[in-house]
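Biologist: Thanks for sitting down with me. Could you walk me through this one, a question at a time?

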Amino acid sequence: MQLVLIGPPGAGKGTIAARLAARFGLVHLSTGDLLREASAAGTPLGEKTKAYVDAGRLVPQEILGEVVAERVRGERAFVLDGYPRTVEQAEFLAALPAVGIAGALYVAVPEGEIVRRLAARVVCASCGAVGETAVENAACPKCGGTAWEPRPDDRPETVAERYAVYMQDTAPVIDYYRDRGLLVEIDGKGDREEVWARVEAAVAALAGDDDNG
Ligand code: ADP
Ligand code: ZN
């Protein structure tokens, strides 16, 4: 099963995608994680993209498209977290060989709740992995590091920019998938477990359809 996850910044896509991957046996591909890791490691990709990420702007498709194509190649079952973020990216993804998106999960969260959640978010200082609070994340699950810092793009000005970009460029992707009968809307309000229960039920239903068809 191949899924994409759409939602505003702070919708909880990363947490949901990780749980979906574990529960349904999917590979979790996060463009945000990939870019943060590249920039923490100082790779050429990281150097080319860091300024965009830190400013809350979209990384150009000319840079990211190839990277996503390479990651997706040969994967039968995946959940894409953070891609597509524009209609251009959605069209690019649909045209890749062996890609057949079974559903686009849209996690809807009101703007006020987003601002509150982003303020509580931290990243691992050594590898860039995202955590929720320094207390809950004594050791980084990815690299074992214990130093946490606010995510550079979670500063209030940058959050405003990311939200504006989301409304302008990413919201049309919701209609793109709705028009193709692939949109699955999830109420993203409430705590993590409530949201997860809704996501799990929706994807279990999709997985059943996938098996039958
Ligand atoms: P969030 O989940 O908070 O929306 P992400 O971790 O998914 O944030 O992405 C962080 C940043 O990485 C984005 O603000 C953007 O700069 C860059 N990025 C991630 N995915 C894409 C994409 N599909 N297209 C362009 N830029 C992207
Ligand atoms: Zn780490």
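**Strands, cores and the ligand**

Modeller: Gladly. This is a predicted model, and I'd begin with strand β1 (residues 2–6), which pairs with β3 in the parallel sense over four bridges.

Biologist: Which residue is the bridge partner of Val 4 in β3?

Modeller: Val 4 belongs to β1, residues 2–6. Its partner has to be sought in β3, which covers residues 78–81. In β3, the residue bridged to Val 4 is Leu 80.

Biologist: And which residue of β3 is the bridge partner of Val 27?

Modeller: Here we turn to strand β2 (residues 27–30), which also has four bridges to β3, in the parallel sense. Val 27 lies in that strand, and its bridge partner in β3 is Phe 78.

Biologist: Are the side chains on the two faces of β3 buried or exposed?

Modeller: In a regular strand, side chains alternate between the two faces of the sheet. In β3, Phe 78 and Leu 80 are on one side, with Val 79 and Asp 81 on the other. Both faces are covered, and these four residues are all buried.

Biologist: Now the open sheet: which strands stand at its edges?

Modeller: Three strands form that sheet, in the order β6-β5-β7 with antiparallel pairing. Each edge strand has a single partner, so one side of it is left without a neighbour in the sheet. The edge strands are β6 (130–131) and β7 (148–150).

Biologist: What is the bridge partner of Val 123 in β6?

Modeller: Strand β5 (residues 122–124) runs antiparallel to β6, and two bridges join them. Val 123 is part of β5, and its partner in β6 is Val 130.

Biologist: How many residues does the second, separate core have?

Modeller: Nonpolar side chains tend to be buried together in soluble globular proteins. The largest nonpolar core here has 61 residues, with Met 1, Leu 20, Leu 93, Tyr 177 and Val 199 having the most contacts inside it. The second core includes Val 122, Cys 124, Cys 140 and Trp 148, and its residue count is six.

Biologist: How much of the accessible area of ligand 1 does the protein cover?

Modeller: Let's start with the contacts: an oxygen atom of ligand 1 is 2.8 Å from a side-chain N or O atom of Arg 36. A polar side-chain atom of Gln 89 lies 2.9 Å from a ligand 1 nitrogen. Of the 560 Å² that ligand 1 has accessible on its own, the protein covers 96%.

Biologist: Which element gives the largest share of the shell around ligand 1?

Modeller: Two elements give two or more residues to that shell, α2 (31–41) and α3 (44–55). The largest share is four residues, and they come from α2.

Key:
Residues numbered from 1 in each chain as written. Chains lettered and ligands numbered in written order. Predicted model: local features only at pLDDT ≥ 70, side-chain atom pairs only at ≥ 80, totals over all residues. Heavy atoms only, no water. Pairing = 2+ DSSP bridges. Core = buried A, V, L, I, M, F, W, Y, C linked by side-chain atoms within 4.5 Å. Buried < 20%, exposed > 50% of the residue type's maximum accessible area, 1.4 Å probe, protein only. Polar contact = N/O pair within 3.5 Å; in protein donor to acceptor, adjacent residues only side chain to side chain. Areas by Shrake-Rupley, 256 points an atom, 1.4 Å probe, with all protein chains shown as cover.
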